[in-house]
Amino acid sequence: MIVEDIGDQVRRVKTGVSGFDDLVEGGFPEGFNILVMGLPGTGKTLLGQEFLYRGALAGEPGVYISLDMSDAIFRQQGDEFGWEIERLEKEDKLSIIKVPLDRKSIKLFDIIGEEVNRIGAKRLVFDSLASFSINIDQFEVPLVYDSEVMKVLDSSNMGDKELFYTGNSKQRMTYLAINHLTKMKTTNVIITDQISEGSNSSIDGVSEYVCDGVVCMYNELIGVKHARTMSVLKMRDTNHSPYVHNFDFNNGGISVKPAETI
Ligand SMILES: Nc1ncnc2c1ncn2[C@@H]1O[C@H](COP(=O)(O)OP(=O)(O)O)[C@@H](O)[C@H]1O
Ligand SMILES: [Mg+2]
């Protein structure tokens, strides 16, 4: 069973990533927004992709939204780990959306919502808020979240200008974006960049406050070797691990190690 009712009213969504679920009492609370934050190359995209892959294998469809890289790379990366991405795509267990950033007025959350409904997605990965923030001029983000409210506003002949955020605050846009992802009713992994080494702040400046959980990923230079580590900084409703955990990439994906407590 992929979602476990543990009796305290919190239903947990198992990531299926080796060793990870032990850090968060068995999985992410269902419907939460989990921020995965780190510097480039720390493994954020891979963690998100494995969350979707393991879910899809267990019968929970997932949508991957890429604002960063080509959809071919997910398939290629999957091949490295022996993941059957294309089969799962054909079965509508996995959907990869590559958002074209070469046009204006992209109604990103309509695109995402349609795909979530089409495959009945339970999981969603947004990769990334950092890229969303950089390309912010390309998107239209509705100011209201409720489709019924939208209908009323539409029928009242209000122009698009009143319905969409047209200000220039990136933080406000990012805040609205996270709210729209919450409305999808999926369990969301939202990826963003850490602002600088040694800081636990995001580059977008909002997501770590708004999201229900924050997982930080690091790539630390120790002697002559980079050590990959991760820690759970925040997870509402969860007695999560307070430790920094080593992880590596084995043949099948990410493998998180128990904490080395001395
Ligand atoms: N098959 C693999 N085996 C070992 N390491 C890998 C493998 N695939 C990717 N990596 C490592 O993961 C890094 C990329 O991870 P990624 O999730 O794309 O990072 P991020 O999204 O944080 O920028 C690569 O730079 C590489 O170091
Ligand atoms: Mg990435």
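Helices (H or I, at least four residues) and strands (E, at least two) are taken here as DSSP runs, numbered from the N terminus. The structure is a predicted model, in which local features need pLDDT of at least 70, side-chain atom pairs count only at pLDDT 80 or more, and totals for chains, interfaces and linings use all residues. Residues are numbered from 1 along each chain as its sequence is written, chains are lettered from A and ligands numbered from 1 in the order in which they are written, and side-chain values use heavy atoms, with hydrogens and water left out.

With these terms, serine 128 can be placed in the loop between E7 and helix H5 (129-134), and the peptide bond that leads into serine 128 from aspartate 127 is cis, with omega near 10°.

E7 belongs to an open sheet of nine strands, ordered E6-E5-E7-E8-E4-E9-E10-E11-E12 with mixed pairing, where two strands pair if DSSP finds at least two bridges between them. Strand E6 (94-98) and strand E12 (253-256) each have a single partner strand and stand at the edges, so one side of each is left without a neighbour in the sheet. From one strand to the next the twist averages 25°, with axes being lines fitted to C-alpha atoms, for helices over the stretch in contact, and angles running from 0 to 180 degrees between N-to-C directions. Strand E10 (residues 225-235) and strand E11 (residues 244-250) run antiparallel and are joined by three bridges; methionine 230 has histidine 245 in E11 as its bridge partner.

Helix H8 (residues 170-182) lies across E4, E7 and E8, at about 155° to E8, while H1 lies across several strands, among them E4, E5 and E12, and runs at about 160° to E7.

The largest nonpolar core (buried Ala, Val, Leu, Ile, Met, Phe, Trp, Tyr and Cys residues joined through side-chain atoms within 4.5 Å) has 34 residues, of which Phe20, Phe74, Val215, Met230, Ile254 and Val256 touch the most other members. Helix H1 (residues 44-57) gives the most to this core, with six residues. A second, separate core of 32 residues includes Ile65, Phe109, Met173 and Ile178.

Two loop residues other than glycine have a positive phi: glutamate 25, near 55°, and aspartate 92, about 60°. Glutamate 25, in the loop between strand E2 (11-13) and strand E3 (28-29), is partly exposed, with a relative accessible area of 37%, where buried means under 20%, exposed over 50% and partly exposed in between (1.4 Å probe, protein chains only). Aspartate 92, in the loop between helix H3 (85-90) and E6, is partly exposed at 29%.

Methods. Contact = heavy atoms within 4.5 Å.
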